Amino acid sequence: MSVAAFILAAGRGERMRPLTDHTPKPLVEIGGRPLIEHHLLRLKDAGVARVVVNLGWLGAQIREALGDGARYGLAIDYSDEGWPALETGGGIHRALPRLGPAPFVVVNADVYCDYPMARLVERARCLAAADQAHLVLVANPAHHPQGDFACVAGRARSAGERLTYSGLAVLRPELFDGCAPGAFPLAPLLRRAIDAGRVGAERYAGLWSDVGTAERRAALEAQLRSA
């Protein structure tokens, strides 16, 4: 089964201003490549052939930089939301017709990680019929000590030791059943599905950063140079 991927690339990157006043955050470079390019290459290596990218802040720059995806060995489609963008849930909901009826991989463009993307693609292929999502969670960084969701025996839970949502997931389109077009967050939909026992989860202990500020970007660059 072919698995599609959706890359969330519409955000403003407020905490990285003034850099993101003129450069969309997904095009900020880490290790000599734009953040979003790292994801594209890893998705290609994992066997993904079709990627949808949502656009918002300075979206034309992203479209110009990536083109149709041919040079990455991918077919890239775009869901242009304009500005202001539609938040995470609304952005994914708008792109569902482009993603098809099967579970798909979701990646936040503004994180950097070495998670084995082939594992996530396989999760999409094998997502349990009753499940609406599978989340990759990481240890809570210093700037997000409260975490988001717990992981208990491979299932996401609302109660327990909370971890941070990494920005990597598998989602089933049915998660969005009943949603109206427009801007809305993803988290309430996930919490509803978690409370219904319909979300798997795993904890990843490898390299991960949300590259959310200039300081965290510099720290990540230093870590990569010393590796």
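**Notes on the pocket, the salt bridges and helix 3**

1. The lining of the largest pocket is made up of 17 nonpolar, 11 polar and 9 charged residues. For that split, Ala, Val, Leu, Ile, Met, Phe, Trp, Tyr, Cys and Pro count as nonpolar, Asp, Glu, Lys and Arg as charged, and the others, Gly among them, as polar. Keep in mind that this is a predicted model: local features need pLDDT of at least 70, side-chain atom pairs count only at pLDDT 80 or more, and totals for chains, interfaces and linings use all residues. Numbering runs from 1 along each chain as its sequence is written, and side-chain values use heavy atoms, with hydrogens and water left out.

2. Staying with the largest pocket, it holds about 1000 Å³ of space (the space filled by probe spheres set on the grid points, which are joined across faces, edges and corners). A pocket here is an open set of points on a 1 Å grid over the protein atoms alone, where a 1.4 Å probe fits, with protein on both sides within 12 Å along at least five of seven lines; lining residues have an atom within 4 Å of a point. There are 37 of them, and Arg15, Thr88, Asn108, Asp110 and Tyr165 lie nearest the centre. Helix 4, strand 11 (162-171) and helix 6 (187-195) each give two or more residues to the lining, with strand 11 giving the most, at 4 residues. Helices (H or I, at least four residues) and strands (E, at least two) are DSSP runs numbered from the N terminus.

3. On to the charges: I'd look at the 12 salt bridges next (a side-chain nitrogen of Lys or Arg within 4 Å of a carboxyl oxygen of Asp or Glu). Asp77 and Arg98 form one of them, at 3.2 Å from N to O. Asp77 sits in strand 5 (residues 75-80) and Arg98 in helix 4 (residues 87-99), so this pair ties together parts 21 residues apart in sequence. Asp77 is partly exposed at 32% relative accessible area, and Arg98 is partly exposed too, at 34%. The cut-offs are under 20% for buried, over 50% for exposed and partly exposed in between (1.4 Å probe, protein chains only).

4. Which residues meet Glu202 in salt bridges? Arg119 does so at 2.9 Å, N to O, and Arg123 has its closest N and O atoms 3.2 Å from those of Glu202. Glu202 is in strand 12 (residues 199-203) and Arg119 in helix 5 (residues 117-125), so that pair ties together parts 83 residues apart in sequence. Arg123, also in helix 5, is 79 residues from Glu202. Glu202 is buried at 7%, while Arg119 is partly exposed at 36% and Arg123 partly exposed at 34%.

5. There's a network to check as well: Arg12, Glu14, Arg17 and Asp21 are joined by salt bridges that share partners.

6. Last, helix 3 (residues 59-66). Gly59, Ile62 and Leu66 are buried there. Their arc around the axis is only 60°, so they fall on the same side of helix 3; the arc is that of the directions from the helix axis to the C-beta atoms. Ala60 and Glu64, on the other side, are exposed. The buried residues of helix 3 pack against helix 2 (35-45), strand 4 (50-55) and strand 5, contact being heavy atoms within 4.5 Å. Just after helix 3, Gly67 has a positive phi of about 60°.
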